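Let's take a walk through this one together, starting with the whole chain and ending with a handful of individual residues. Have the model open and turn it as we go.

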Amino acid sequence: MGYIEPAPIKDKSNPFESMMSRFNIAAEVLGLDEQVYNVLKSPSKQVSVSLPITMDDGSIQVFEGHRVIHSNILGPSKGGVRYAMDVHLDEVKALAAWMTWKCAVVDIPYGGAKGGIRCNPRAMSAGEIERLTRAYTQAMTGVFGPDRDIPAPDMGTGPREMAWLMDEYSRSMGTTVNAVVTGKPLVLGGSLGRVEATGRGVMVSALAAMEKLKINPYHATIAVQGFGNVGSFAALLLEERGCTVVSISDISGAYYNEKGIDIKKAIEYRDGNKGTLEGFTGATLMDKPEDLLTLDVDVLVPAAVEDVIHLGNVDQVKAKLIVEGANGPTSAEADKIINEKGIMAVPDILANAGGVTVSYFEWVQNRLGYKWTRERVNRRSDRIMKDAFDKVYNASQKYDIPMRIAAYVVAIEKVAETYKFRGGF
């Protein structure tokens, strides 16, 4: 499976407002200057385009595309392009802002961006998707660029679409520009270690948090919601480090085995079963998929969609530690109760930042014209993720605030300080 930068799938609450509610709390903790606040809360650029595409049956269909650049204060903006029917501007704005904070919290020189096209890629042929991708790239030629804005895969896109995007952009420039996009196939300049990068970052974050909570990995039980790219690699890597994964889930339902699920076998089964766990016999199918979230486990990894932990179920969450593999899996309203229950939550902008970290490595390698080994990529990514966790944890102790707000504090402080040094006023 190709790497994608995790993104919300459905707009259960306004995602931009949810992001801003956390941003506002962190800004208050920092005593952020009002002028800087006004700059950081607003996207620096929003581009919306109409894309007329000739379909296979000869008809012309017009698609709506967006690209939002939230910030380029730290460097060129970075963020995925998603294809889905529920793409809308507020969601893209929220995702772009999340990318700004995510890049800042792991201290890589990128701003945040996100893009999307309202379409149903499952109902489209490869030729139709290619024509759509190339039209979108043409429309964004003045936005994209290795020194301006660097897209990547997201929901509904993957290495194939990034290869088309790179090729179309390169044609417009008259030369091959590998570094304009990340998440490419390896033969086009993709990076080793990219596929498992986000799940690996979740693993590093989980182990670092378990150390702080004095949870022994060899005695720890884990539940992982979502068994796509992020969830499956997080489960596999945690299992390799001694943890017992007792529950996993995907679109077919949630599966439970008190003695532990063999994650390697579950991945092999999924890959040989049209990408689903349906019929998996290594665990018992639970009556209700959402019951996974309230299991009595040490660590809960929500790695599927947004807002799965909300006011309706947060009271029943029993995990000592939540490590967010997906973006926005906890609603803003549920934060207060999680904090009151004494549950540590490693937030999305920290826990799933391993993906954008290795995307950064891909860009660096493209700029250098040199390939790193998988071992070097993993070693450097692990170090960045561990350093970021320590920085956020120290901020949470210093200000006596939850890890989520601490992550925003670390990120906002970095961007605000950079803005001032660059002569923002």
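A residue is called buried here when its relative accessible area is under 20%. By that cut-off, buried residues make up 60% of the 425 residues in the protein chain. Keep in mind that what you're looking at is a predicted model.

So what is the chain built from? The secondary structure comes to 13 helices and 12 strands. The radius of gyration is 21 Å, close to the 22 Å that the globule rule gives for 425 residues, so the chain is as compact as a globular protein of that length. If you'd rather think in box dimensions, the C-alpha trace spans about 55 × 55 × 40 Å along its principal axes.

Now for how the chain meets itself. Take the contacts with a sequence separation of 6 or more: 70% of them join residues 24 or more positions apart. On the outside, the protein chain exposes about 16900 Å², and carbon and sulfur atoms supply 50% of that area. As for charge, there are 48 positive and 52 negative ones, and their mean positions lie 5 Å apart.

The domain assignment gives two pieces to look for: domain 1 covers 42–175, and domain 2 covers 194–348. Measure between their centres, over C-alpha atoms, and you get 29 Å.

With that map in hand, let's zoom in, beginning with strand β1, which runs over residues 45–54 and holds Thr54. Is Thr54 buried, exposed or something in between? With a relative accessible area of 42%, Thr54 is partly exposed. Leaving out residues up to four places away in sequence, Thr54 touches Ser59, Ile60 and Arg131. For a sense of distance across the model, try Thr54 and Ile384: they are 330 residues apart in sequence and 45 Å apart in space, C-alpha to C-alpha.

Next stop, helix α4, residues 126–139, where you'll find Thr137. Its relative accessibility is 0%, so Thr137 counts as buried. What does Thr137 touch, beyond residues up to four places away in sequence? The answer is Phe144, Leu165, Glu168 and Tyr169.

Carry on to helix α5, which spans residues 159–173 and includes Ser170. Ser170 has a relative accessible area of 7%, and because buried means under 20%, Ser170 is buried. Setting aside neighbours within four places in sequence, its contacts are Thr175, Thr176 and Val177.

Another serine to pick out is Ser232, in helix α7 (residues 229–240). Ser232 is buried too, with a relative accessible area of 1%. Again ignoring neighbours within four places in sequence, Ser232 is in contact with Gly226, Phe227, Ile263, Ile267 and Arg270. If you draw a line from Ser232 to Asp154, 78 residues away along the chain, the C-alpha atoms turn out to be separated by 17 Å.

Let's finish with Phe421, which lies in helix α13, residues 403–421. Buried or exposed, would you say, for Phe421? At 69% relative accessibility, Phe421 counts as exposed, because the cut-off for that label is over 50%. Finally, try one more pair: Phe421 and Met99 sit 322 residues apart in sequence, while their C-alpha atoms are 21 Å apart in space.

Terms used
Residues numbered from 1 in each chain as written. Predicted model: local features only at pLDDT ≥ 70, side-chain atom pairs only at ≥ 80, totals over all residues. Heavy atoms only, no water. Helix = DSSP H or I, 4+ residues; strand = E, 2+ residues; numbered from the N terminus. Rg over C-alpha atoms; globule rule 2.2 N^0.38 Å. Buried < 20%, exposed > 50% of the residue type's maximum accessible area, 1.4 Å probe, protein only. Contact = heavy atoms within 4.5 Å. Areas by Shrake-Rupley, 256 points an atom, 1.4 Å probe, with all protein chains shown as cover. Lys, Arg positive; Asp, Glu negative; His and termini not counted. Charge placed at Lys NZ, Arg CZ, Asp CG, Glu CD. Domains from an automatic or database assignment.
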